[in-house]
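Please brief me on the pockets and the sheet of this model.

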Amino acid sequence: MSRVALVTGAARGIGAATVRALAADGFSVVAVDRCADDPALPYRLGSRPELDRVVAEASSKAADPGAVLAVEADTRSFEQLASVVADAERRWGGLDVAIAAAGVIAGGVPLWEMPAAELDAVLDIDLRGVINLARAAVPALLRRPEPRSGRFLAVASAAATRGLPMLAAYCAAKAGVTGLIRALAAELGGTGITANAVSPGSTDTPMLAESARLYGLPGAESFAAQQPVRRLLQPGEVAAALAWLAGEGSSAMTGAVIPVDGGLAL
């Protein structure tokens, strides 16, 4: 039987690329996205048509065309995520990997001038959404019989270690994700389940385009020069690291935060 993975933020960006990579690696995948805009945020979020396209693309690469499932759920709701996890267990008999890739960005002003609704959206989606997924998914990972090889993975950011002006809430949320991963790794010690994260640099996604707008830059390409590789990263490059972490080859790693950032952290 194929291993089963759940990915949030699956409609576009790194989440979408991760769904495609896992399907190509033989996973059954639950592709989760809210598929709705947020009234607190001034840019578009992933949509149902985008999620459906991702699932169709991933299904075309999968050994079993029915192995990729699109599900609408809001990561800010523990109950919705718990329902998605339960459905995955009923459909495929269990869950092996959970990947928290859903994220948003807001700011462009000093923290003390940031509208409360935008602050709440960043903290609730970028940090609490990861916590909610852990609370919903880890019990399912533990329900797999021993010897287990479960994986809980999260997308952090170079912003977890770099202080980015006008993005203080985003930096705080991503630093929280890295702290959460380290604590989960300690709590899961001896269970066969590992917890790791990747910290991307400037990656060519709609969220980076919004970051450029917040800084008054002409476009996302403006961020390329700050990375030693002198280019933007592609979502598939970050997804490749997540897919490797989801596999058996990463069994010796837990509590790690891996920079996939083109050298930005340097």
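The points below cover conventions, pockets and sheet.

This is a predicted model, in which local features need pLDDT of at least 70, side-chain atom pairs count only at pLDDT 80 or more, and totals for chains, interfaces and linings use all residues. Residues are numbered from 1 along each chain as its sequence is written, and side-chain values use heavy atoms, with hydrogens and water left out.

**Pockets**
- A pocket is an open set of points on a 1 Å grid over the protein atoms alone, where a 1.4 Å probe fits, with protein on both sides within 12 Å along at least five of seven lines; lining residues have an atom within 4 Å of a point.
- The largest pocket holds about 870 Å³, counted as the space filled by probe spheres set on the points, which are joined across faces, edges and corners.
- Its lining has 48 residues, and Gly103, Val104, Tyr170, Thr205 and Met207 are the closest to the centre.
- The lining of the largest pocket comprises 28 nonpolar, 13 polar and seven charged residues, where Ala, Val, Leu, Ile, Met, Phe, Trp, Tyr, Cys and Pro are nonpolar, Asp, Glu, Lys and Arg charged, and the others polar.
- The second largest pocket has a volume of about 190 Å³.

**Sheet**
- Seven strands, in the order E3-E2-E1-E4-E5-E6-E7, make an open sheet with parallel pairing; strands (E, at least two residues) and helices (H or I, at least four) are DSSP runs numbered from the N terminus, and two strands pair if DSSP finds at least two bridges between them.
- Strand E3 (68-72) and strand E7 (257-260) are the edge strands.
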